[in-house]
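These are my notebook entries on one protein chain. I set down what I looked up, entry by entry.

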Amino acid sequence: MAQSLGYLMAAAGPVTAGALHDVTNGWLVPLIALGVVAIIIVIAGVESGKDRKISA
């Protein structure tokens, strides 16, 4: 189930980038959106990779 959701989310990326390209008539906005998403993913990855203990 999780893999299906992941594929669905991944398939939405190119469609969204194409729609942004059509609306703005350029690649600047889609590339900025891609950069923002990449920064969010990096922050989430760094936070999830920290060595922490969960208290009871």
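The entries below go from the whole chain to single residues.

**Entry 1. The chain as a whole.** I note at the outset that this is a predicted model. I looked up the secondary structure and found two helices and zero strands in the chain. I then checked the radius of gyration, which is 16 Å, well over the 10 Å that the globule rule gives for 56 residues; the chain is therefore more spread out than a compact globule. The C-alpha trace spans about 50 × 25 × 15 Å along its principal axes.

**Entry 2. Surface and burial.** I looked up the accessible surface of the chain, which comes to about 5100 Å². Carbon and sulfur atoms account for 73% of that surface. What share of the 56 residues is buried? I recorded 2%.

**Entry 3. Helix H1.** I located helix H1 at residues 2-24 and tested its length. At 1.5 Å a residue, its 23 residues should span 33 Å, and I found its end C-alpha atoms 33 Å apart, which agrees.

**Entry 4. Asparagine 25.** I moved on to the residue that follows H1, asparagine 25. I placed this residue in the loop between H1 and H2. Its phi is positive, about 60 degrees, although asparagine 25 is not a glycine. Is asparagine 25 buried or exposed? Its relative accessibility is 68%, so I counted asparagine 25 as exposed.

**Entry 5. Proline 30.** I found proline 30 in helix H2. Its relative accessibility is 7%; because buried means under 20%, I entered proline 30 as buried. Which residues does proline 30 touch, leaving aside its neighbours within four places in sequence? I listed Ala17, Leu20, His21 and Thr24 as its contacts. Of these I note that Ala17 and Leu20 belong to the stretch 2-24 that forms helix H1. I also took a distance from proline 30 to valine 46, 16 residues further along the chain, and their C-alpha atoms are separated by 24 Å.

**Entry 6. Valine 29 and a nonpolar patch.** I looked next at valine 29, which is found in helix H2, residues 28-48. Its relative accessibility is 37%, so I counted valine 29 as partly exposed. Valine 29 is one of the residues of a nonpolar surface patch, together with Leu28, Ile32, Val36 and Ile40. I recorded an area of about 470 Å² for this patch. To read the spacing of such residues, I recalled a general rule. An α-helix has 3.6 residues a turn, so residues three or four places apart point the same way.

**Entry 7. Salt bridges.** How many salt bridges does a search of the whole structure find? I recorded two. In one, glutamate 47 pairs with lysine 50, and the closest N and O atoms are 3.0 Å apart. In the other, glutamate 47 pairs with arginine 52, with the closest N and O atoms 3.6 Å apart. I therefore wrote down Glu47, Lys50 and Arg52 as linked in a network of salt bridges.

**Entry 8. Exposure of the network.** I closed by looking up how exposed the three residues are. Glutamate 47 is partly exposed, with a relative accessible area of 35%. Lysine 50 also counts as partly exposed, at 44% relative accessibility. Arginine 52 has a relative accessible area of 55%; because exposed means over 50%, I entered arginine 52 as exposed.

Technical notes. Residues are numbered from 1 along each chain as its sequence is written. This is a predicted model: local features need pLDDT of at least 70, side-chain atom pairs count only at pLDDT 80 or more; totals for chains, interfaces and linings use all residues. Side-chain values use heavy atoms; hydrogens and water are left out. Patches are made of residues with over 30% relative accessible area and no salt bridge: like charges are joined within 9 Å, nonpolar side chains (Val, Leu, Ile, Met, Phe, Trp, Tyr) within 5 Å. Accessible areas come from the Shrake-Rupley method with a 1.4 Å probe; for residues, only the protein chains shown count as cover. A salt bridge is a side-chain nitrogen of Lys or Arg within 4 Å of a carboxyl oxygen of Asp or Glu. Helices (H or I, at least four residues) and strands (E, at least two) are DSSP runs, numbered from the N terminus. Buried means under 20% relative accessible area, exposed over 50%, partly exposed in between (1.4 Å probe, protein chains only). The expected span of a helix is 1.5 Å times one less than its number of residues. Contact means heavy atoms within 4.5 Å. The radius of gyration is taken over C-alpha atoms; the globule rule is 2.2 Å times the number of residues to the power 0.38.
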